[in-house]
Every structure is written in C-alpha cells, then in structure tokens.
Amino acid sequence: MTHTTNPHRRRFIKTAGTAGLLAWSGLPGWLSAMEGMGHMPKLPARRASPNFRPDVEVDLICKPSAVSILPGQATRVMRYTATLVRGPADTVSEIPGSYLGPILRFQKGQKIRINLHNQLNEASITHWHGLHVPAEMDGHPLYAIDKGETFVYEFAMLNRASMNIYHPHPHNATARQVYMGLAGAILVNDSEEAKLDLPAGEYEVPIVIQDRMFDVSNQFQYVRHMHDRMMGFYGDRILVNGFANFRLDVASRAYRFRIMNGSTARIYKLAWDDNTPVTVIGTDGGLLEHPVEKPYVMLAPGERLDVWADFSGRSVGSQLVMRSRSFSGALPRMAEHMMGGMHGSPLTMGSDYPIFSVKVGRQVSDSPKLPKSLSSIRRYGLNDTANPGKPVPIGISEGPMRMLLNGRPYAYNDVLPSERIPVDSVQLMEIFHAHGGGHQADESAGHRMGGMGMMGGGMRHGGMGMRHGSEQQANGTGSRMGMGGMGGMGMMMSMAHPIHFHGQYFQIFERSGGSGAGYASVKDGFVDNGWKDTVLVMPGERLKLIKPFEDFKGLFMFHCHNLEHEDMGMMREFSVE
C-alpha cells in the first residue's frame with residue numbers, strides 16, 4: 001500500500017445564488033434548539049450476568065489516541081482497541097497502522113460477551129449496526145457510560161453471514177465520535193456461506209471508505225458552521241481503511257471486497273475506471289440469491305456491499321482504479337451550486353474522483369469461480385405483513401430549523417401511535433418526503449401539517465400552511481402534500497437521506513417516484529434484491545419496505561444515517577410491544 005500527500009484544500013465561496021441557503025442555515029436559535037432535543041435520562045451501566053456462558057468474550061476499549069495518517073505530525077483520534085478474552089483466535093484482527101477499530105469476526109449461533117470500557121473524556125455507548133439483538137444490547141443512548149465505566153453486552157448471534165458495523169451512538173454526539181475514528185467492522189459467518197468457498201484470508205479485503213478534512217497540523221477538522229450540519233459534513237480527502245491514497249497489490253485471481261461507507265454524510269457512486277461491471281454478491285444483510293452486475297453501485301453512509309473483484313487474465317503491472325463517478329440530485333440545487341463553486345478541491349458531492357487503486361503484482365494460475373447461486377432468501381409479500389393496506393409511515397421533511405422524521409425531532413419516549421409495533425409481526429413500511437417541515441398529525445387527532453409549524457411557534461393550520469391530506473400522511477396512505485406556502489421551500493430544500501433501521505434487516509418491496517436528470521444519474525446503482533438495514537431515499541422517491549420485528553420488545557431507533565442529520569434530531573424510535 002502507498003500513502004502519499006494530496007495537496008488540495010477545500011474552500012467555500014459565497015455567491016449571490018446561495019443567499020437563501022445561507023440565510024436558512026443562520027436562523028437564530030437553530031443550534032441551541034438542536035442541542036436541546038428532549039431529555040435523555042441515564043441508566044446504570046449493565047454488568048455481566050452470572051448465568052450467561054459466552055462462547056466468545058472480548059474487551060473493547062474506546063480511548064483517545066494518535067496515528068500517522070499524513071506525512072508529518074500524528075493525527076489525534078478516538079479509536080477502538082480490542083483484546084480477546086476467550087474464543088477462536090480469528091475473532092479479533094487489527095488493521096495495522098489504522099485508526100479504525102479491529103475487525104470482529106463471529107459465527108452465527110455463538111453466545112457473545114463484549115465488555116465496553118470507556119476511556120474517553122466524554123460519554124459514549126456502542127451500537128451494533130445491523131445486528132439483531134435485544135433492545136438493552138443495541139447501544140441506545142440511554143445506556144451511554146462515562147469515562148471509567150464499563151458496559152457489558154451479552155447476546156446470541158442471530159444474524160446470517162453478513163458485514164455489519166460497530167460505532168458509537170451517544171445522544172447528539174454520534175457524528176463527531178464516528179468522524180474522530182470510532183468505527184469498526186463485524187463479519188458474521190455461517191454454514192450456508194461456508195459451502196461456497198468464497199475468497200478468504202488475504203483474498204477477503206475490507207474496504208472502509210471515509211472522507212476527512214485536515215488542518216495544517218494534520219488534525220481532523222469537523223463542522224465549522226451551520227451549513228456543515230444541514231447538508232452533512234464533507235471532507236476534502238478520501239481515506240480507505242484509515243489510509244490516504246490507498247493502493248492494493250493483488251494477484252491475478254478473484255478477490256472478495258467487503259466495502260463499507262464509513263463517511264458521516266458523503267454518498268459514493270462506485271465504478272471501475274475501465275468500465276468493467278461491478279459484480280455484487282451481497283448487501284448490508286449478507287449474500288444475494290445470485291450475483292448481480294451493475295455499471296456502478298450507489299453507496300450511502302452506513303450501507304455495505306460485498307463485491308466479487310476478479311483480476312484473472314490481467315497482466316502483472318496492470319492497474320485498475322475504483323472511482324466515485326459523477327451524479328447529481330442528492331443535495332438541494334442551491335447547495336450543489338454552492339459546493340460547485342469551491343476552488344481547489346475535486347471532492348465536491350457528486351463529482352468524479354478516485355477512491356483507491358489496485359495493481360496486479362503477481363501472476364497465479366488458480367482462482368475460484370463465481371458461484372451462480374449464492375444463498376436462499378425468504379421473500380416477503382404483502383400477504384405476509386400485518387398491515388398490507390396501512391403501511392407504517394416514515395415521513396422525511398427538511399424544515400427551516402430542523403431535519404425531521406414523521407414531522408417531529410427526536411425526543412426520548414415520544415412515540416407516535418404509528419410507531420408502536422406488535423412484537424413478532426412483519427410490517428409494511430413506507431418512506432416518503434413530507435415536504436414543508438411542520439408537525440406530523442397524530443393518527444387520532446387528524447391535525448393538519450403547517451408549513452411554518454416548526455419556525456419558533458410560527459403560523460399553523462392556515463396562512464402559509466399546507467392543508468393537503470395530512471391525515472393520510474399520518475396514517476401511511478401517502479397523499480402528497482401541496483406546493484403552496486412553505487411546501488415550495490420544503491421541496492426546494494429536499495435532499496437524499498440514507499434511512500437506517502435498528503434491529504432486523506428489511507426487504508425493499510417497491511421503489512417509485514424518482515424522476516429527473518439527477519435521479520437518472522443514480523437509479524441504475526441501487527441493489528434492492530437483498531437484505532438491507534440502510535436505504536438511500538432520493539428526493540421525490542417513495543419506498544415501501546417489509547420488515548420483521550421478531551423476538552425482542554423495547555425501543556429500537558430509526559434515523560437518517562447522514563450522521564449530522566441524526567444529531568440534529570432526524571431520528572425516531574419504534575416501541576416494539
């Protein structure tokens with residue numbers, strides 16, 4: 001691997017065309033409103049149960065550290081380290097020289113104990129993104145522990161073979177802690193996958209993609225102004241596995257790339273530079289039924305891809321580059337105009353730039369063949385759901401002061417009737433854009449959503465408000481809101497959001513409503529035929545999902561995985577009862 005210095009720096013310019021966006025970002029009290037979202041009580045740190053007999057036990061520590069990323073001064077980071085207490089030797093594997101947490105490898109069916117030790121100078125808690133675990137083990141902010149405390153997780157591995165994530169989830173601080181380095185990969189194996197003899201060992205390569213910004217002293221820069229929160233924070237340098245200018249030396253054979261988008265906000269459009277199709281064998285929730293070839297694949301924050309990369313037949317010395325190709329429509333037009341006006345940085349959102357390069361270093365004669373059949377997936381239909389005619393609504397809205405789900409900012413124990421889910425049920429869910437901000441009507445009250453409703457106690461139910469079928473929105477029947485009043489502002493500020501559901505994976509049942517040149521530039525890169533826990537919803541799109549809620553009662557979050565948006569309050573929770 002080689003890591004060289006990229007001289008480009010990111011600078012913003014102000015133009016007349018962005019005046020409206022900047023005015024929106026500077027509304028008085030916006031930040032204090034965000035920081036004051038709801039009261040979050042603190043629960044005692046969980047201790048080990050004497051009746052739990054783990055097959056695997058790991059001490060996981062989060063602590064301040066410093067690593068060399070760029071030439072010169074080391075970069076201060078937060079990082080996970082791990083020690084194996086008991087279990088198979090391959091349970092914990094480090095990425096040498098990286099600030100990323102070690103790779104944790106588990107087998108389906110194992111009983112697992114993880115002792116989380118907080119050595120940070122602030123509270124934190126770890127979420128197992130993608131794992132099907134009890135609510136108490138899911139890393140809810142309620143369980144954040146202070147410096148010097150230990151939280152003990154105990155759970156059985158119920159997931160199928162898949163790549164998942166562990167990262168912090170403290171209230172209002174998730175994005176910053178992730179940005180500072182707290183993230184790692186979880187690889188789950190099972191007997192179904194083992195029969196395939198997929199590339200393993202040195203031929204199974206994690207590819208964690210992140211964007212970062214450094215100051216002149218090689219220290220991470222993060223969130224300099226309101227705009228960085230509203231649109232999400234975008235760095236001016238790509239890191240892979242924690243390294244700049246990542247290059248992988250390979251043999252002329254097949255590899256398995258386990259790709260994760262570890263950025264807080266940036267969306268990637270991944271494609272090989274020679275137009276070789278990207279061969280996808282798995283998504284967030286594990287292997288597909290059959291391989292899928294795509295000209296490019298979209299990868300939003302929190303999403304993962306399992307890619308078969310075959311370098312057979314390529315000559316020694318040949319190179320291939322994975323790029324993020326150009327696309328549009330993920331940000332509001334004013335924001336795209338603003339970012340497009342930057343000088344000196346090629347990494348504007350939706351531009352074309354390299355991610356990493358591959359060089360064939362040696363010739364080999366043997367290579368596994370791509371299986372035609374990969375796994376069996378139970379396909380859910382409407383008849384399998386408890387609510388085929390009344391999907392659970394997930395309304396996205398971008399208001400002048402907050403990013404919202406179901407018309408409300410996050411607050412602890414603020415559960416709408418539509419967010420109460422019977423345990424051991426399979427639910428039809430619908431994600432849609434509820435333009436205009438406002439408050440979401442309660443199912444029983446039938447209040448109308450006011451376009452000015454979140455603007456500091458402004459006008460509701462008339463004047464500039466929108467009076468178009470909010471009862472249907474609240475009940476999930478999905479009537480579109482009108483364009484009057486602040487609805488026009490809502491649609492003008494509409495942007496793409498990666499929506500993540502804690503708990504079990506889901507299946508994408510239907511994707512509709514996308515249109516325009518921006519949508520055309522991304523639509524062929526969605527892999528919707530596998531298990532997912534995070535899905536990118538483009539402006540104007542409506543997605544129907546089918547999601548099981550099995551085994552565990554309690555509070556399970558769902559939120560935008562643009563982590564700046566999550567910390568702004570674009571998060572809700574289901575009460576599974």
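An open sheet of six strands follows the order β24-β23-β26-β31-β28-β29 with mixed pairing, where strands are DSSP runs of E of at least two residues, helices are runs of H or I of at least four residues, both numbered from the N terminus, and two strands pair if DSSP finds at least two bridges between them. The edges are held by β24 (403-405) and β29 (531-532), each with a single partner strand, so one side of each has no neighbour in the sheet. Strand β23 (residues 392-398) runs antiparallel to β24 and is joined to β24 by three bridges, with I396 standing opposite L405.

The model is predicted, so that local features need pLDDT of at least 70 and side-chain atom pairs count only at pLDDT 80 or more, whereas totals for chains, interfaces and linings use all residues. Residues are numbered from 1 along each chain as its sequence is written, and side-chain values use heavy atoms, with hydrogens and water left out.

Two nonpolar cores can be described, a core being a set of buried Ala, Val, Leu, Ile, Met, Phe, Trp, Tyr and Cys residues joined through side-chain atoms within 4.5 Å, with buried meaning under 20% relative accessible area (1.4 Å probe, protein chains only).

| Core | Size | Members include |
|---|---|---|
| Largest nonpolar core | 99 residues | F155, F257, W272, F311, I355, F356 |
| Another core, apart from it | 49 residues | M231, F506, F526, V537 |

In the largest core, strand β10 (residues 204-214) gives the most, with six residues. Leaving aside residues up to four places away in sequence, F257 touches (heavy atoms within 4.5 Å) V205, I207, L248, W272, L305, D306, V307, A309, F311 and F356.

Overall, the chain contains ten helices and 33 strands, and 62% of its 577 residues count as buried.

Conventions. Buried means under 20% relative accessible area, exposed over 50%, partly exposed in between (1.4 Å probe, protein chains only).
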